[in-house]
Amino acid sequence: MKITSSEYIISAVGPGQYPEDGLPEIALAGRSNVGKSSLINKLINRKNLARTSGQPGKTRALNYYLINQEFYFVDLPGYGFAKVSKEIRNEWAKFIERYLEKREVLKGVIHIIDIRHEPSKEDLMMHDWLLHLGIEVLTVITKADKLSRNQQGNMVKKIKQGLKLGTSERYAVFSSETGQGKEDVLAWVEEMCQGEKG
Ligand code: GTP
Ligand code: MG
């Protein structure tokens, strides 16, 4: 797939603000600061359309980006950010859960994991939750540029074990710096959105 246009649409803070045009949606999930916004920017070849920051926990809404006038990337709030209160964290969790459970046009979730760390308890919970809901998942192991190819192989193995990734479950090794894995991610997105066109 070639991305020829991308446009920021809205930071939705509630279901009333979600688009109603029926276009398919691909959501990005992952812990705070893992590189969700950077992945979107890399896929669409824009430096900073999806806002990135060194300040984790900044994304508190569902950020919608319209791609090729055909589908949306939905940047979800990051989980696991320790510096916000428990109440706020629970609120975000409920907000994300409701979206994942109820959103009919959701075609798949890109679940992003940092290649340098074994999956956290929350990473595993998110993965299991997505499977439980019957949502198509692509696990994207990002920041690959931070490790040598050898180290990448070792960590990918550990992360697959940590998430209990089955042989039929899809994953890609990615870097927003080098673009490694970009084509794999785009091919999966295209596949997930295609069901729409019949
Ligand atoms: P929140 O919206 O706060 O949850 O964060 P996020 O998941 O959107 O992360 P973001 O894309 O803002 O990236 C966080 C930091 O990681 C930034 O400093 C990025 O430059 C850096 N980063 C993201 N992806 C990569 C990558 O593939 N390689 C390297 N080296 N750095 C990355
Ligand atoms: Mg972000």
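Visitor: Which residues of helix α2 are buried?

Guide: A word on the model before the answer: it is predicted, so local features need pLDDT of at least 70 and side-chain atom pairs count only at pLDDT 80 or more, while totals for chains, interfaces and linings use all residues. Residues are numbered from 1 along each chain as its sequence is written, chains are lettered from A and ligands numbered from 1 in the order in which they are written, and side-chain values use heavy atoms, without hydrogens and water. Helices (H or I, at least four residues) and strands (E, at least two) are DSSP runs numbered from the N terminus, and buried means under 20% relative accessible area, exposed over 50%, partly exposed in between (1.4 Å probe, protein chains only). On that basis, the buried residues of α2 are Trp-92, Phe-95, Ile-96, Tyr-99 and Leu-100.

Visitor: What arc do they cover around the axis of α2?

Guide: The arc is taken from the directions that run from the helix axis to the C-beta atoms. The buried residues are on the same side of α2, because they cover an arc of only 130°.

Visitor: Which residues of α2 are exposed on the other side?

Guide: Away from that buried side, α2 has charged names to look for in your viewer. The exposed residues there are Lys-86, Glu-87, Glu-91, Lys-94 and Lys-102.

Visitor: How far apart are the end C-alpha atoms of α2?

Guide: The expected span of a helix is 1.5 Å times one less than its number of residues. The 17 residues of α2 (residues 86-102) should therefore span 24 Å. The model agrees, with the end C-alpha atoms apart by 24 Å.

Visitor: Which strands stand at the edges of the sheet?

Guide: The open sheet has seven strands in the order β1-β3-β4-β2-β5-β6-β7, with mixed pairing, where two strands pair if DSSP finds at least two bridges between them. Two of the strands have a single partner strand each, so one side of each is left without a neighbour in the sheet. Those edge strands are β1 and β7 (170-173).

Visitor: How many bridges join β1 and β3?

Guide: Strands of a sheet pair through backbone hydrogen bonds, either parallel or antiparallel. β1 and β3 pair in the antiparallel sense, and the number of bridges is six.

Visitor: Which residue in β3 stands opposite Ser-6?

Guide: Look across from Ser-6 to β3. The residue opposite is Ile-67.

Visitor: Which residues of α3 are buried?

Guide: The 12 residues of α3 should span 16 Å, and its end C-alpha atoms agree at 16 Å apart. The buried residues of α3 are Asp-123, Met-126, His-127 and Leu-130.

Visitor: Within what arc do they fall, seen down the axis of α3?

Guide: These buried residues line one face of the helix. That follows because they fall within an arc of 95°.

Visitor: How far apart are the ring centres of Tyr-8 and Tyr-65?

Guide: The structure holds five aromatic pairs, counting rings of Phe, Tyr and Trp (its six-membered ring) with centres within 6.5 Å; planes under 30 degrees apart are stacked, over 60 edge-to-face and the rest tilted. The Tyr-8 and Tyr-65 planes are at 55°, so the pair is tilted, and the centres are apart by 5.8 Å.

Visitor: How many residues apart in sequence are the parts tied together by this pair?

Guide: Tyr-8 lies in strand β1 and Tyr-65 in strand β3. The pair therefore ties together parts whose separation in sequence is 57 residues.
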